[in-house]
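Okay everyone, thanks for coming. I'd like to walk you through one protein today, so please pull it up on your screens and follow along.

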Amino acid sequence: MFLKSLMEPKEEGGLFQKLMHGLAGSIFHGEQANSRIDLSDTRGVSIRIENLNKHFGDKHVLRDVNLEIRSGETFAIIGPSGTGKSVLLRHIVKLVRPDNGEIYIDGHPIFAANGEETTANYRYSMVFQSSALFNSLTVGENVGLWLREKRVCKEQRIGEIIREKLAMVGLEGTEELKTSELSGGMKKRVAIARSLAMNPDLILYDEPTAELDPVTTDELANTIIRLKETTKNTTVIVTHDLNFALYVADRIAMMHGGTIVGAGTPAEIKASENPIIKGFIYTTTKGIKG
Ligand SMILES: Nc1ncnc2c1ncn2[C@@H]1O[C@H](COP(=O)(O)OP(=O)(O)OP(=O)(O)O)[C@@H](O)[C@H]1O
């Protein structure tokens, strides 16, 4: 659904082409053709969103969204289907322009009311709901796609990075496997390894648990938690899976009707007296009454 929506004419077609041509989920903001990219340094970035609004036709999809995500934290945006979570995520990576409002990355405006937008360099990558792997390639070729496309280092180093990133997601020794033969959970972890290949400062997950069974969802949660121990990047996860968000996130924001209705730590969200948050917790943990 996400890739399909990128093809719509209103969106930035150039990025879609990049995604389909080897970057495959990795977007380098401010990149220059054939420039050498220093992969040695990773950091987290902060994100500040102020009064963001977006309409699609008559539909007011984002309504005065305000949100602050701290550098290095794992932040989940939860909420029922159709509330604007993915659209918000797409704004953070500049796939969609807001009608109005501002987004700052590390204090630099990427959308600003006065039009002064930054070209600051930071790396961000997206793990798609569908994993968006190339089935005709091996696991290792998928993970190395961005590195080879950008020619960031020599072939021997690319091989080392592929092995290192696969080990980080618990898939040591799988580089020669055919992607088409992997289970859904393994594909998801390969997609994460591919995103990690560029040492992103910001990694975004769009509905990472969609189509996964409970055991695989649990494995994925543990992978994301383990990554947190070895990487400094900021992680933003859009999900309707409340339990997953409560388990992996440092902080959570609840979206409803295109706006943020509350944010806090998992403990604060669980204890929230906000009727919309309480209702969401009730329906997702006990089923819908009647
Ligand atoms: N490119 C687009 N053109 C028109 N409407 C869109 C577009 N992208 C999203 N929408 C609409 O915006 C609303 C919010 O969509 P969004 O995908 O952000 O929801 P969501 O909260 O992520 O839920 P889900 O998990 O079901 O995708 C939906 O009504 C959707 O149909």
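Let's begin with a definition: a crossing of two helices is left-handed if the near helix is turned anticlockwise from the far one by less than a right angle, and right-handed if clockwise. Keep that in mind for a minute.

Some housekeeping. What you see is a predicted model, where local features need pLDDT of at least 70, side-chain atom pairs count only at pLDDT 80 or more, and totals for chains, interfaces and linings use all residues. Residues are numbered from 1 along each chain as its sequence is written.

Now the overall picture. The secondary structure comes to 10 helices and 11 strands; helices here are DSSP runs of H or I with at least four residues, strands are runs of E with at least two, and both are numbered from the N terminus. The protein has 290 residues, and 42% of them count as buried. Buried means 20 or more other C-beta atoms within 10 Å of the residue's own, exposed means 12 or fewer, and partly exposed is in between, with C-beta atoms placed from the backbone. Of the contacts with a separation of 6 or more, 69% join residues 24 or more positions apart. Two residues are in contact if their C-beta atoms, placed from the backbone, lie within 7 Å.

Back to those crossings. How does α4 pass α5? In a right-handed crossing. The axes of α4, residues 139-150, and α5, residues 155-168, come within 9 Å and cross at roughly 125°. Axes are lines fitted to C-alpha atoms, for helices over the stretch in contact, and angles run from 0 to 180 degrees between N-to-C directions. The two helices are therefore oblique to each other: under 35 degrees is roughly parallel, over 145 roughly antiparallel, 65 to 115 roughly perpendicular, and the rest oblique.

Who touches whom there? On the α4 side we have G140, V143, G144, L147 and R148, and they meet I158, I161, I162, K165 and L166 in α5. Sorted by class, the residues of that contact are six nonpolar, two polar and two charged. Nonpolar means Ala, Val, Leu, Ile, Met, Phe, Trp, Tyr, Cys and Pro, charged means Asp, Glu, Lys and Arg, and the others, Gly among them, are polar.

α4 itself is mostly covered, with nine of its 12 residues buried. Among those buried are W146 and K150. Right after α4 comes R151, with a positive phi near 45°.

Next pair: α6, residues 184-196, and α7, residues 214-230. Their axes are 9 Å apart, and the helices pack at an angle of about 20°. That makes α6 roughly parallel to α7. This crossing is right-handed. The contact brings G184, G185, K188, R189 and I192 of α6 to T216, E219, L220 and T223 of α7, and its residues divide into two nonpolar, four polar and three charged.

Now, the ligand. Which residues come nearest? There are 14 residues around the ligand, and F56, S81, K85, S86 and V87 come nearest. Near, by the way, means that the C-beta atom, placed from the backbone, lies within 6 Å. By class, that shell has three nonpolar, eight polar and three charged residues. Helix α3, residues 85-92, gives the most to the shell, with three residues.

Is α3 covered or open? Mostly covered: eight of its eight residues are buried. Just before it, G84 sits in the loop between β4 (74-78) and α3. G84 is buried too, because 26 other C-beta atoms lie within 10 Å. Leaving out residues up to four places away in sequence, G84 touches V61, L62, M255 and G258.

On the other side, α3 is followed by K94. K94 lies in the loop between α3 and β5 (100-105), and its phi is near 60°, positive in a residue other than glycine. With 17 C-beta neighbours inside 10 Å, K94 counts as partly exposed.

Another positive phi turns up at N51, near 45°. N51 is in strand β2, residues 47-56, and it is partly exposed, with 14 other C-beta atoms within 10 Å.

Last stop, Y205 in strand β8, residues 202-206. Why does Y205 count as buried? Because it has 27 C-beta neighbours inside 10 Å. Y205 and Q129 are 76 residues apart in sequence, yet 7.5 Å apart in space, C-alpha to C-alpha. Okay, that's my tour!
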